[in-house]
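Work through the exercises below with the model open. Each task is followed by a stepwise solution.

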Amino acid sequence: MMMMIIIPTSYSQILPIIGTIGVTRHRSTAQKALWIYNRHNPPSRDMVQGQEQGQSGKVVRVEQLWHKFFSDPSQWLDNRSIKKNPRYPDFKHKSRHEGLWIEGWLNPPWVKAKVDTMALGKIEPGAGLRSRVPDSLVNGENVCKFCQEGRLKEAVHMVELMVEQNIQASIHTYACLLKGCIRRKALAEGKQVHALLVQTGLHSNILLGSTLVNMYAKCGSVLDARQVFDSMPERNVFSWTTIISAYANQGQGEEALNLFQQMQKTGIPPNNVAFVVVLKACARIPALEQGKQLHSDIIKSGFESDVIVGSTLVDMYAKCGCIEDARLVFNNIRQRDVVSWNAMIAGYAQHGLGKEALDLYEQMKQEGVQPTYVTYVVLLKACASITALKQGMQLHLDIIKSGFQFDLTVGNTLVDMYAKCGRIKDAHQVLNNMHERDVVSWNAIIAGYAQQGLGKEVVTLLEQMQREDIKPNEVTYVSVLSACSHSGLVDKGRHFFNSMCKDHGLIPTMDHYACMVDLLCRAGCLADAEDFIHKMPIQPNAVVWMTLLSAARNHGHVEIGRHAFDCVVKLEPENAAAYVLLSNIYAAAGRRNEVTIIRKEMHDAGVKKKHLGAAASQLATRCMSLS
């Protein structure tokens, strides 16, 4: 990996760099750059600074740099792979505590002063110069070492030099490189390694081919992964499982299932990992029938007793809506671990059955299985959904005893549970006690206050959130706009809607537009609400028009009501509530003829009277919310 120390100079000076092998071009930058190819370069090696084709450059001897900056390399700490803050130096001297940055403007003035004293030579325009690592360092062992240390660019560069010097890198060396790319999600370096494999003819190796598929999949390039997979002359279960997993993780469950069937047709028996991957795909679609067929295949293959496969089967049946089948599989798992229990508890919680989830939790404790943070998150969500405050408070005590109270996800779910159970002060206390807070934490408490109709408190929380440098997201603003609507804070609502677009670059969704329409309607600004709807950049849905129609009914505005009604029935012709609302508007205005006409329109549209009960209920709920 090349190391660059930025020297602050005039922004008008542009000094790109000639690269590592041949003439590799780099984009122009607004600072002069000092490049050190490798800390192991001996003093006898030259290092080059140059400019793009047609421009002159400068030559600096590594010997000069070595003595100026790394005269005693053992005294310099390499912080690149461990630093948490970009303002921390990349290299730090152990005793003098001086810092050097690979890039940035934080280098101390003495760096520039030392560079200015160096004797600089000249190179001709367009000259191509090369840097070499000493032969003693060019080997697979150092490549793997660099990968483990996170020095991926240096590792790739070293293999490039090995290829250039006709030094054969082993399969293990390339595997180390690809695994390093996977760990760091380094797609660009992964493609470099792929090119080297093609150049050396090792791309046809089944192990490296499978690892290439895995690298592309884990780096998010499923298309590249599939191209490598399709070009493999030979495939094994790892190759198939990797590509199936790639499609499943991208939400393309049907293609994952198709590939699994193709694997079976080729005569390659699936292993437990393959079954787990494809079961997860069935759970996401969901695809119950395919899941049942997989269950049969699992029994035939002898993996039914595998705890991981069994736990995934429980999850698949639960997510496909077959909670009883999930429980049967759960009961048949001989040695259940915490993953199995979590899967079954989550299944009950996701289906509203919450009491059963809590009962299973008690059974889990009795059998001596220690809950994880996932267990508590699932159970707290169940308590929130059924407003089971007493059980939620007991869970809170268990969380404190188990030491998970400082886990961020658990803390966020606790805030949400207390807020949804109406204990907003307890929710705020949990928030205050959290060691770490993120946007989810603030969204939970803001939503809690919004549900209580406490608009001013929501505004205060949003301001506090921003003071802590937590950037609000789309979810935040749905709660904020809803709170402003319920509290009649029209100006504040307008301000926040504009702010989310202009200041935070967020694109409003239908929920945000609906909140704004609701805000204007509650305030009696029906003309403004109608104008706002017409100016929406996205097509308004029936909910938005129903909001305006309900407000027109409450405020007795016939013209706006009729227009809103027409828009609703275009989108939902059988929306009985819309007919009821318009009929009430006409009746309140004493326009009996129009009442008769709207009833005829209702009949002609095929809206039956049996729908009126539900429509009346919807109408009552909506009108109460707007009153």
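**Exercise 1.** Which residue forms a salt bridge with Lys153, and how far apart are the closest N and O atoms?

Solution.
- Keep in mind that this is a predicted model.
- The partner of Lys153 is Glu189, and the closest N and O atoms are 2.6 Å apart.
- Next, place both residues. Glu189 sits in helix H6 (residues 187-200), and Lys153 sits in helix H4 (residues 152-164). The pair links distant parts of the chain, 36 residues apart.
- Now check accessibility. The cut-off for buried is under 20% relative accessible area.
- Glu189 has 10% relative accessibility, so Glu189 counts as buried.
- Lys153 has a relative accessible area of 46%, so Lys153 is partly exposed.

**Exercise 2.** Which helices does the salt bridge between Glu255 and Arg226 tie together?

Solution.
- Start with the distance. The closest N and O atoms of Glu255 and Arg226 are 3.1 Å apart.
- Glu255 belongs to helix H10 (residues 253-265) and Arg226 to helix H8 (residues 222-231), so the salt bridge ties together parts 29 residues apart in sequence.
- Then classify each end. Glu255 counts as partly exposed, at 24% relative accessibility. Arg226 counts as buried, at 18% relative accessibility.

**Exercise 3.** Which residues are joined into one network by salt bridges that share partners?

Solution.
- The members are Glu149, Arg151 and Glu154.
- Take one link. The side chains of Arg151 and Glu149 meet in a salt bridge at 2.9 Å, N to O.
- Is Arg151 buried or exposed? Arg151 is buried, at 8% relative accessibility.
- Glu149 has a relative accessible area of 32%, so Glu149 is partly exposed.
- For the whole structure, the count is 21 salt bridges.
- The general principle: side chains of opposite charge can pair when their charged atoms come close.

**Exercise 4.** Describe the second largest pocket: its volume, its lining and the helices behind that lining.

Solution.
- Volume: the second largest pocket holds about 460 Å³ of space.
- Lining: 21 residues line this pocket. Asp315, Lys319, Ala343, Ala346 and Gln350 lie nearest its centre.
- Elements: helix H11 (272-284), helix H13 (307-319), helix H15 (338-350) and helix H17 (373-385) each give two or more residues to the lining.
- Character: the lining divides into 12 nonpolar, four polar and five charged residues.

**Exercise 5.** Which residues touch the most other members of the largest nonpolar core?

Solution.
- The largest nonpolar core has 173 residues.
- Tyr174, Leu177, Ile445 and Leu548 touch the most other members.
- Follow Leu548. Leaving out residues up to four places away in sequence, Leu548 touches Cys521, Leu526, Ala529, Glu530, Ile533, Ile560 and Ala564.

**Exercise 6.** Where is Met602 found, and is Met602 buried or exposed?

Solution.
- Met602 lies in helix H30 (residues 592-604).
- At 12% relative accessibility, Met602 is buried.
- Look across to Pro573, 29 residues apart from Met602 along the chain. The C-alpha atoms of Met602 and Pro573 are separated by 9.2 Å.

**Exercise 7.** Put these details into the overall picture.

Solution.
- Count the elements: the protein has 31 helices and eight strands.
- Of the 627 residues in the protein, 48% are buried.
- Consider contacts between residues at least 6 apart in sequence. Among these, 59% join residues at least 24 apart.

Notes. Residues are numbered from 1 along each chain as its sequence is written. This is a predicted model: local features need pLDDT of at least 70, side-chain atom pairs count only at pLDDT 80 or more; totals for chains, interfaces and linings use all residues. Side-chain values use heavy atoms; hydrogens and water are left out. A nonpolar core is a set of buried Ala, Val, Leu, Ile, Met, Phe, Trp, Tyr and Cys residues joined through side-chain atoms within 4.5 Å. Buried means under 20% relative accessible area, exposed over 50%, partly exposed in between (1.4 Å probe, protein chains only). Contact means heavy atoms within 4.5 Å. A salt bridge is a side-chain nitrogen of Lys or Arg within 4 Å of a carboxyl oxygen of Asp or Glu. Helices (H or I, at least four residues) and strands (E, at least two) are DSSP runs, numbered from the N terminus. On a 1 Å grid over the protein atoms alone, a cavity is a set of points where a 1.4 Å probe fits but cannot get out, and a pocket is an open set with protein on both sides within 12 Å along at least five of seven lines; lining residues have an atom within 4 Å of a point. Grid points are joined across faces, edges and corners, and a volume is the space filled by probe spheres set on the points. Ala, Val, Leu, Ile, Met, Phe, Trp, Tyr, Cys and Pro count as nonpolar, Asp, Glu, Lys and Arg as charged, and the others, Gly among them, as polar.
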